[in-house]
Amino acid sequence: MTKPVPSPNLIVILGDQLSPDIAALQAGDPQQDIVLMAEVRSETDYVPHHKKKIAFIFSAMRHFAETLRQRSWTVDYVALDAKSNCGSLTSEIERAAAEHGCDRIYCTEPGEWRLRNAFEQLAKHMTFEILEDDRFLCNQEDFDTWWKGRRQPRMEHFYRKMRRKTGLLMDGDKPVGGRWNFDSDNRKPPKPGITFPEPQRFNPDTITQNVIELVDNCFPHNFGRLKPFWFGVTQQDAQAALDHFVTVALPDFGDYQDAMVQHSPFLFHALISLYLNVGLLDPRDVCVRAEAAYREGSVPLNAAEGFIRQIIGWREYIRGLYWQEMPSYVDRNIFCHTSPLPTFYWTGETELACLNICIKQTHDEAYTHHIQRLMVTGNFAMLAGIEPKAVHKWYLAVYADAFEWVELPNTLGMSQHADGGLLGSKPYAASGNYINRMSDYCGSCRYNVKEKTGPNACPLNYLYWDFFDRNRDTLGGNPRLTQVYRTWDRMESIRKVTVREDAKSFLRTLS
Ligand code: FAD
Ligand code: DLZ
């Protein structure tokens, strides 16, 4: 008697799950199972993604499918322009399961609540196993226990726990160098004449060129410049980008982390978030590499520590918070901000040089660094009273590294303070003075950063005070803002009136 052939399993791999050791692949058998990867309109269109982001994800997906085939997997790869494309991941899963006769489906948990929920609905009528995503250093259970055990769960405490857990930059149970955090040695303004290394750029191969053509044809009206396209799209590329960063930029990473320089979009930043977030780099490997550079003496401690903190601290903390607080988190709006996102977030057409420069850079590169996101586009949106959900959708669309688990808490929590202080103890609000100190933007602005009110004053100057004034009920009791309110209270009444009037008339121009 011949043994019955077991039906194959269907292994679903999403566009941000391009890791050869990911849980769903571990659960399968390359000799027998089918991998499903699909380019679908439901994912490209739920926010209008930047052209470069779509090209990056599609090209990386196509390269990953090739890697899997070389490792003996059978891949059912559905291109966006395939006639039979069903248009959504759930319908592709149903189609592929029926077509290949798969009784059981495996997927690694998606990085967005929206999709996880859709898969959980599917699991009600199919045998669908959603496996934990173990590409993070802190699993959700561990995070939830830590979170619930604290009155004020702050990143700095979580980070120390992660240093102990991973052993990174530790001497026994003590932090290397005797301190956990070297931030006070970081964050210098840009020195005049300072030069920055170029990032590692990659030439598009045939697969990428085909994707670029596809994106050009299928997404002609999406935001963003598609060419030149120079992102890496394979694990090897991502590794080369990391090596390049560690060699040429990491030594100065900490010092100029917060600086902003016109015509130098990347400074000493790593440009690896897009690779980490789709799985082409592993966060632990990245940190081990940075620590090794420190121990070899090629990178100072403040740089290595600052960099590792971003990854095992911020990145993991942000993810834990997302899953802890979703699905209601996306609706938080403590200041009841309701204004629509100004059109210039899509066109860059504004006279504020800082916004113009950062939005143009976003358009061209699908990248701005942290401080540009936080203190320029984010700060302005908060001071101007833009609806946090509209701000969130913009960030999710325009950056190549944006996936909701990491983008949403950064935008809604860190940059808009819309969660009322869950993520940060006070709003990251800044007047023009901060931008002027940390950048060379103000020199080319039509507004005068030194003027506080009036037609030529930098709008951030009066918007800053207007924001604190109109949100006094919410923020007035925050001990970290005592000095801010003391300064406001000492201001002459006539000046306060002018601040309010200038803010009102400026905000009217936005609509
Ligand atoms: P570097 O500055 O060189 O830092 C190294 C790495 O640390 C990054 O690659 C990233 O993996 C990690 N990291 C640093 N800061 C954070 C942070 N706050 N949260 C999570 N990881 C961090 N990051 C994303 O990956 N995706 C997003 O969609 C995203 N949206 C953001 C939106 C706003 C409003 C703000 C203020 C920040 C956002 N960030 C986001 C965090 C941060 O700005 C980016 O991770 C960083 O700019 C990526 O560039 P880089 O690789 O050159 O990072
Ligand atoms: C962001 C994105 C885009 C633009 N396109 C696809 C796609 O066509 N197919 C796919 O599997 N994934 C895509 N992604 C990534 C998903 O949106 C991402 O996996 C979920 O948002 C969960 O993080």
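**Exercise 1.** Leaving aside neighbours within four places in sequence, which residues is Tyr-275 in contact with?

*Solution.* The structure is a predicted model, in which local features need pLDDT of at least 70, side-chain atom pairs count only at pLDDT 80 or more, and totals for chains, interfaces and linings use all residues. Residues are numbered from 1 along each chain as its sequence is written, and side-chain values use heavy atoms, with hydrogens and water left out.

Step 1. Contact means heavy atoms within 4.5 Å.

Step 2. With those sequence neighbours set aside, Tyr-275 touches Phe-56, Phe-202, Phe-231, Gly-232, Ala-238, Ala-241, Leu-280 and Leu-281.

**Exercise 2.** Identify the largest nonpolar core and the helix that gives the most to this core.

*Solution.* Step 1. A nonpolar core is a set of buried Ala, Val, Leu, Ile, Met, Phe, Trp, Tyr and Cys residues joined through side-chain atoms within 4.5 Å. Buried means under 20% relative accessible area, exposed over 50%, and partly exposed in between (1.4 Å probe, protein chains only).

Step 2. The largest such core contains 165 residues, and Met-37, Phe-56, Tyr-275 and Phe-307 have the most contacts inside it.

Step 3. Helix H13 (residues 301–325) gives the most to this core, namely 12 residues. Helices (H or I, at least four residues) and strands (E, at least two) are DSSP runs, numbered from the N terminus.

Step 4. A second, separate core has 20 residues, including Val-12 and Phe-119.

**Exercise 3.** Describe the open sheet of 5 strands.

*Solution.* Step 1. The strand order is E3-E2-E1-E4-E5, and the pairing is parallel. Two strands pair if DSSP finds at least two bridges between them.

Step 2. At the edges are strand E3 (74–78) and strand E5 (127–131), each of which pairs on one side only.

Step 3. Strand E4 (residues 104–108) pairs with E5 over 5 bridges, and Tyr-106 stands opposite Glu-129 in E5.

**Exercise 4.** Determine how helix H16 (residues 370–383) is placed against helix H20 (residues 459–470).

*Solution.* Step 1. Axes are lines fitted to C-alpha atoms, for helices over the stretch in contact, and angles run from 0 to 180 degrees between N-to-C directions.

Step 2. The two axes come within 9 Å and cross at roughly 50°.

Step 3. H16 is therefore oblique to H20. Angles under 35 degrees count as roughly parallel, over 145 as roughly antiparallel, 65 to 115 as roughly perpendicular, and the rest as oblique.

Step 4. Asn-379, Phe-380, Met-382 and Leu-383 in H16 meet Leu-460, Leu-463, Tyr-464, Phe-467 and Arg-470 in H20.

Terms used:
Chains lettered and ligands numbered in written order.
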